Amino acid sequence: FFNASVTNFPINVTTRKLDANNLEVRYSAVRSLYYKVLTSTNVDGPYTDGGQQGERALEASIPTTNSLVGGRKFFRITGSQAP
């Protein structure tokens, strides 16, 4: 934590369709770090966080529900020591 090497851990992402309009994106996390789910309509980006602050990880994995409305979406997860 003190030299920021903890942010070098890989983030594993899985998805699960919840219903016709929603998708669960679940990703691995290191407790106390902050994570953001970024989305884009193109795999090459640009990716945006929708103006949301980072979520502090309290568990080893974090689920988020994302709308499928509006067509294809690509997801990217970022982790940092600050929101």
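This is a chat about a predicted protein model.

Reader: Hi! What should I know about the model and the numbering before we start?
Author: It is a predicted model, where local features need pLDDT of at least 70, side-chain atom pairs count only at pLDDT 80 or more, and totals for chains, interfaces and linings use all residues. Residues are numbered from 1 along each chain as its sequence is written, and side-chain values use heavy atoms, with hydrogens and water left out.

Reader: Thanks! How many helices and strands are there?
Author: There are zero helices and six strands, so the pattern along the sequence reads β-β-β-β-β-β. Helices (H or I, at least four residues) and strands (E, at least two) are DSSP runs, numbered from the N terminus.

Reader: And what does the C-alpha trace span?
Author: About 40 × 25 × 20 Å along the principal axes. Of the 83 residues, 24% are buried, where buried means under 20% relative accessible area, exposed over 50%, and partly exposed in between (1.4 Å probe, protein chains only).

Reader: Which strands form the sheet with strand 1 in it?
Author: That open sheet has three strands in the order 1-2-5, with antiparallel pairing. Strand 1 and strand 5 are its edge strands, each pairing on one side only. Two strands pair if DSSP finds at least two bridges between them.

Reader: By how much are neighbours in that sheet turned against each other?
Author: By 20° on average, direction ignored. The axes behind that are lines fitted to C-alpha atoms, for helices over the stretch in contact, and angles run from 0 to 180 degrees between N-to-C directions.

Reader: Let's zoom in. What joins strand 1 to strand 2?
Author: A hairpin does, through four residues. Strand 1 (residues 13–17) and strand 2 (residues 22–28) run antiparallel and share five bridges. Among them, lysine 17 has leucine 23 as its bridge partner, and arginine 16 has glutamate 24.

Reader: Nice. What about the sheet with strand 3?
Author: That one is open as well, with three antiparallel strands in the order 4-3-6. Strand 4 and strand 6 (74–80) are at the edges with a single partner strand each, so one side of each has no neighbour in the sheet. Seven bridges join strand 3 to strand 6, and one pair of bridge partners is tyrosine 34 with serine 80 in strand 6.

Reader: I'm curious about arginine 56. Which strand is it in?
Author: Arginine 56 lies in strand 4 (residues 55–56).

Reader: Why does arginine 56 count as partly exposed?
Author: Because its relative accessibility is 43%.

Reader: What is arginine 56 in contact with, leaving aside neighbours within four places in sequence?
Author: Ser32, Leu33 and Tyr34, with contact meaning heavy atoms within 4.5 Å. Phenylalanine 74 is 18 residues away from arginine 56 in sequence and 22 Å away in space, C-alpha to C-alpha.

Reader: Switching to pockets: what is the volume of the largest pocket?
Author: About 290 Å³. A pocket here is an open set of points on a 1 Å grid over the protein atoms alone, where a 1.4 Å probe fits, with protein on both sides within 12 Å along at least five of seven lines.

Reader: And which residues lie nearest its centre?
Author: Val37, Thr39, Asp49, Gln52 and Asn66, out of 17 lining residues; lining residues have an atom within 4 Å of a point. Strand 3 gives the largest share of the lining, four residues.

Notes. Points joined across faces, edges and corners; volume = space filled by probe spheres on them.
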